[in-house]
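Q: I've got a structure open and I'm new to it. Could you walk me through how to read its features, one at a time?

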Amino acid sequence: MKAVELVNVSKSFKGTQNREFLAVEQINVEIAQGEFFSLLGPSGCGKTTTLRMIAGFELPTFGEIYIEGQAMEKRPPFHRPVNTVFQNYALFPHLTVAENVAFGLEMEKIPRAKIRTQVTEVLEMVKLVGYEKRYPRQLSGGQQQRVALARALVKKPKVLLLDEPLGALDLKLRKQMQLELKQMQQQVGITFIYVTHDQEEALTMSDRIAVMNKGKILQVGTPVEIYEEPTSHFVADFIGETNILRGRVVKQQEDELLVLIDNQLMITVPYGEKIAIDQAVNLVIRPEKATLYPANHEDQFGTRSAPQSSWLGKVEEVVYIGTDTRYVVRLGEQHLITIRQQNIHRSYLQQYQAGEAVKVSVSADSIRLLLDY
Ligand code: ATP
């Protein structure tokens, strides 16, 4: 069963000079029950507005929203089976942790004994037992975030909406909380819809991600699909580091294309569909998928299933980043390509120096082709 469904949802606001401005445009998405679903995109792309429409704080200008199969059109926020966790926690400063968590249940006039059990249960879940009597100001940022989470979870919503909930935490704590949140979500089995502009966070936590830009959803997929098989230049560029080389198709034979980049570099890529000769294309090559060799390295054809493309280049920049070394290599006159080599053995560390001639090799099946219009 679908937890949440958005059908053709658009939202316009009055912009400058009273002009209508489309913050969200024709969004269609289905979120399954128990899914950890992220809305990912740059600042201002419409993520929060989409979340606020699901919560009922904003009404769509067009389109429909269904939660657990029920149309939400006429339902105010407090009559929707959802709860929201905001980035700024929005805790009551004059109430203790236990009182903050109990607040929503007290509003519903639930018997005191039952409230106490539920509060204890949820505080155990967010690892805050022993902190019941503290006030928010006596807690760290991570602990305050846990209270906000407990307060939302205690009401047992069908869907939990989270708007950049870890944004205010430092990097180490954020990474720890990401794993805890994911574990907690699996434990309670509630559908999470999570807004973030941090692609690494979305990849780490989500079952599926919707990548948004300028009010539209560009792609929905699992983290692996979004990273390995981007369907647009924007998604390829936004998710992780990447090289995007622009070229033209010069030949098609069976399931392979020959693509020429700036009359200089020839690349073989797998492609099963019919394509016009001279079609402009973008080739997406992730830095970790290319390999560096000494310039005199002989290509070993026939030992791999996919053909290799190899080019001679010159190392321009070497940056050691612990697990990897990041090389920027100039190919031909114009192209720079970033390559990451894992430092598995000590002998790999800074194997190549700036100014050194090298060979860059990429397996055809690691290159993603995007049509460029
Ligand atoms: P961020 O990550 O910065 O929060 P976002 O992707 O969540 O960005 P939204 O907050 O949904 O983006 O905003 C989308 C666009 O709609 C922005 O250009 C914003 O200025 C505009 N917008 C949002 N709310 C309103 C409003 N109430 N009135 C007018 N414009 C609004």
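Q: What phi does Gly56 take just after helix 1?
A: Gly56 takes a positive phi of about 100° there. Helices here are DSSP runs of H or I with at least four residues, strands are runs of E with at least two, and both are numbered from the N terminus. Keep in mind that this is a predicted model: local features need pLDDT of at least 70, side-chain atom pairs count only at pLDDT 80 or more, and totals for chains, interfaces and linings use all residues. Residue numbers start from 1 along each chain as its sequence is written.

Q: Is helix 1 mostly covered or mostly exposed?
A: An α-helix has 3.6 residues a turn, so residues three or four places apart point the same way. Helix 1 is mostly covered, with seven of its nine residues buried (20 or more other C-beta atoms within 10 Å of a residue's own, all C-beta atoms being placed from the backbone). The buried ones are Lys47, Thr48, Thr49, Thr50, Leu51, Met53 and Ile54.

Q: Which residues are around the ligand?
A: "Around" is about distance: the C-beta atom, placed from the backbone, lies within 6 Å of the molecule. Among the residues that qualify are Phe13, Ala23, Cys45 and His197. Helix 1 (residues 47-55) gives the largest share of this shell, three residues.

Q: How do I read a sheet, say the one with the order 13-12-11-14-20?
A: Strands of a sheet pair through backbone hydrogen bonds, either parallel or antiparallel. This open sheet of five strands has antiparallel pairing, where two strands pair if DSSP finds at least two bridges between them. Strand 13 (265-270) and strand 20 (367-371) are the edge strands, each pairing on one side only. Five bridges join strand 14 (residues 280-285) to strand 20 in the antiparallel sense, and Val281 stands opposite Leu371 in strand 20.

Q: Which strands stand at the edges of the sheet ordered 15-19-16-17-18?
A: That's another open sheet of five strands, with antiparallel pairing. Strand 15 (290-294) and strand 18 (335-342) each have a single partner strand, so one side of each is left without a neighbour in the sheet. Strand 17 (residues 324-331) runs antiparallel to strand 18, joined by eight bridges, and Tyr327 stands opposite Ile339 in strand 18.

Q: And how is the chain divided into domains?
A: Domain bounds come from an automatic or database domain assignment. Here we get domain 1 (2-238) and domain 2 (243-371), with C-alpha centres 39 Å apart.

Technical notes. Buried ≥ 20, exposed ≤ 12 C-beta atoms within 10 Å, placed from the backbone.
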